[in-house]
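Reader: Got a minute to go through this one with me? I'd like to poke at the strands, the rings and a couple of buried acids.

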Amino acid sequence: MPDRKKGVTGLSCAIVLAALLGLAGLADAASLKVAPGRFIIHDVKPGVEYDLYKETGLRITIYNDDDASRMWRLSVHRPSERGKWERGYGEIPDARWCWLDRSEVTVEPKGRAYANVFLKIPDDPKYSNQHWVATIGVDGKPGAGGIALAADIRIQIETASDADPAQRPAGSLAVAPSIVAFENVAPGSVEKARTVLFNHESHTRTVHVAPLFDDVNVDPAVYLTHGHERLPDSAWLAFPGTVEIPAGGEAVMEITLNVPNDPAHFGKKWESVLLLESGEGPLNMVRVRVVTKKTE
């Protein structure tokens with residue numbers, strides 16, 4: 001169980017903005033309404049305890065539109081136990097790394113109640129460069145008609161990106177860094193970067209790489225960092241379609257960026273997500289972040 005001590009280390013700006021963005025979501029099950037229905041947290045540092053309400057103002061809100069008081073039970077789960085998770089994310093290894101300040105709330109008629117969310121990833125360098133999801137469950141006692149309402153809230157957790165971690169990142173298929181950043185890009189120039197893929201299995205794996213947002217069934221808003229837009233054209237990125245990783249080994253994946261020389265492309269903040277899939281085990285992803293020069 002995490003050490004639930006006071007004195008929380010401050011969140012980075014990326015976490016604050018990403019978490020607040022999630023307030024637009026709403027999980028709705030009949031007369032049960034909770035907000036946010038989903039939120040994403042970036043740059044989570046292992047070993048640091050986060051109080052999301054204290055640092056960002058984000059907390060779980062439960063609404064009661066009925067004329068009678070309602071009691072709701074709150075719990076945190078791995079998505080395989082309850083809920084679902086987005087492609088490219090895995091399950092949080094231990095649901096106890098995320099917790100609430102209460103296990104149940106009573107909501108007065110036409111009222112609302114709140115629960116604060118806490119998060120602490122163990123202080124271990126292998127937990128950098130991770131993409132996880134945890135589920136907050138909200139369950140009510142059956143009403144007079146014998147129906148118990150329930151809703152799920154998804155937390156997308158992305159730990160700090162580290163290009164040179166002290167230990168190989170955890171996970172069957174791992175990556176470092178998890179964010180490939182192209183900074184101060186001049187449109188018309190060609191920029192290159194790299195990331196490393198790690199295979200923790202005892203056999204060679206072929207990893208298929210594809211732009212996630214090219215899938216029409218994927219909503220980019222679920223993934224984008226606050227303040228960033230979707231990269232206008234995935235063809236501006238060049239990368240290998242497949243990467244062979246030896247058993248227990250690693251392989252470098254080169255990424256080339258070519259933003260066309262257009263005045264409209266200055267002063268932009270874009271993102272793309274490259275999905276990593278090997279046909280076995282959890283998927284993973286690489287976030288590609290592009291910031292162009294402000295002026296010509």
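Author: Sure, and one bit of vocabulary before we start: two strands pair if DSSP finds at least two bridges between them. Keep in mind that this is a predicted model.

Reader: Then which residue in strand 10 stands opposite Thr 61?

Author: Strand 5 and strand 10 (residues 112-115) run antiparallel and are paired over 4 bridges. Within that pairing, the residue facing Thr 61 from strand 10 is Tyr 114.

Reader: And on the strand 2 side, what is the bridge partner of Ala 35 in strand 5?

Author: Strand 2 (residues 32-35) is joined to strand 5 by 4 bridges, again antiparallel. There, Ala 35 has as its bridge partner Thr 61.

Reader: Is strand 5 largely enclosed or left open by the rest of the structure?

Author: Strand 5 covers residues 60-64, and 4 of its 5 residues are buried. Buried here means under 20% relative accessible area. With that count, the rest of the structure leaves strand 5 largely enclosed.

Reader: Which residue lies over the face of Tyr 114?

Author: Tyr 114 is the residue opposite Thr 61 in strand 10. Over the face of its ring, at 3.6 Å from the ring centre, lies Arg 59.

Reader: On to ring pairs: is the pair of Trp 97 and Trp 132 stacked, edge-to-face or tilted?

Author: The structure has 7 aromatic pairs. For Trp 97 and Trp 132, the ring centres are 5.7 Å apart and the planes meet at 55°. Planes under 30 degrees apart count as stacked and over 60 as edge-to-face, so this pair comes out as tilted.

Reader: How many residues apart are those two in the chain?

Author: Trp 97 sits in the loop between strand 7 (90-91) and strand 8 (98-100), while Trp 132 belongs to strand 12 (residues 131-140). Both of these Trp residues are buried. The pair links distant parts of the chain, with a separation of 35 residues.

Reader: Now the acids. Is Glu 271 buried or exposed?

Author: Glu 271 is part of strand 22 (residues 269-277). Its relative accessibility is 1%, and the cut-off for burial is under 20%. That makes Glu 271 buried.

Reader: Which side chain makes a polar contact with that of Glu 271?

Author: Setting aside neighbours within four places in sequence, Glu 271 has contacts that include Phe 213, Tyr 223, His 228 and Arg 289. His 228 is 43 residues away in sequence, yet the C-alpha atoms are 6.3 Å apart. The polar contact, at 2.8 Å between side chains, is with Thr 225.

Reader: What is the relative accessible area of Glu 86?

Author: Glu 86 is in the loop between strand 6 (70-77) and strand 7. Among the residues it touches, beyond four places in sequence, are Arg 38, Arg 154 and Tyr 223. Tyr 223 is also in a ring cluster with Tyr 89 and Phe 213. Glu 86 is buried, and its relative accessible area is 10%.

Reader: Last one: what pLDDT does the chain average?

Author: 87% of the residues score at least 70. Residues 1-10 are below 50, with 21 contacts in the model beyond near neighbours in sequence. Residues 12-24 are below 50 too, with 27 such contacts. Over the chain, the average is 89.

Definitions and conventions:
Residues numbered from 1 in each chain as written. Predicted model: local features only at pLDDT ≥ 70, side-chain atom pairs only at ≥ 80, totals over all residues. Heavy atoms only, no water. Buried < 20%, exposed > 50% of the residue type's maximum accessible area, 1.4 Å probe, protein only. Contact = heavy atoms within 4.5 Å. Polar contact = N/O pair within 3.5 Å; in protein donor to acceptor, adjacent residues only side chain to side chain. pLDDT = per-residue confidence, 0-100. Phe/Tyr/Trp six-rings, centres within 6.5 Å; stacked < 30°, edge-to-face > 60°. Lys NZ or Arg CZ within 6 Å of the ring centre and 35° of its normal.
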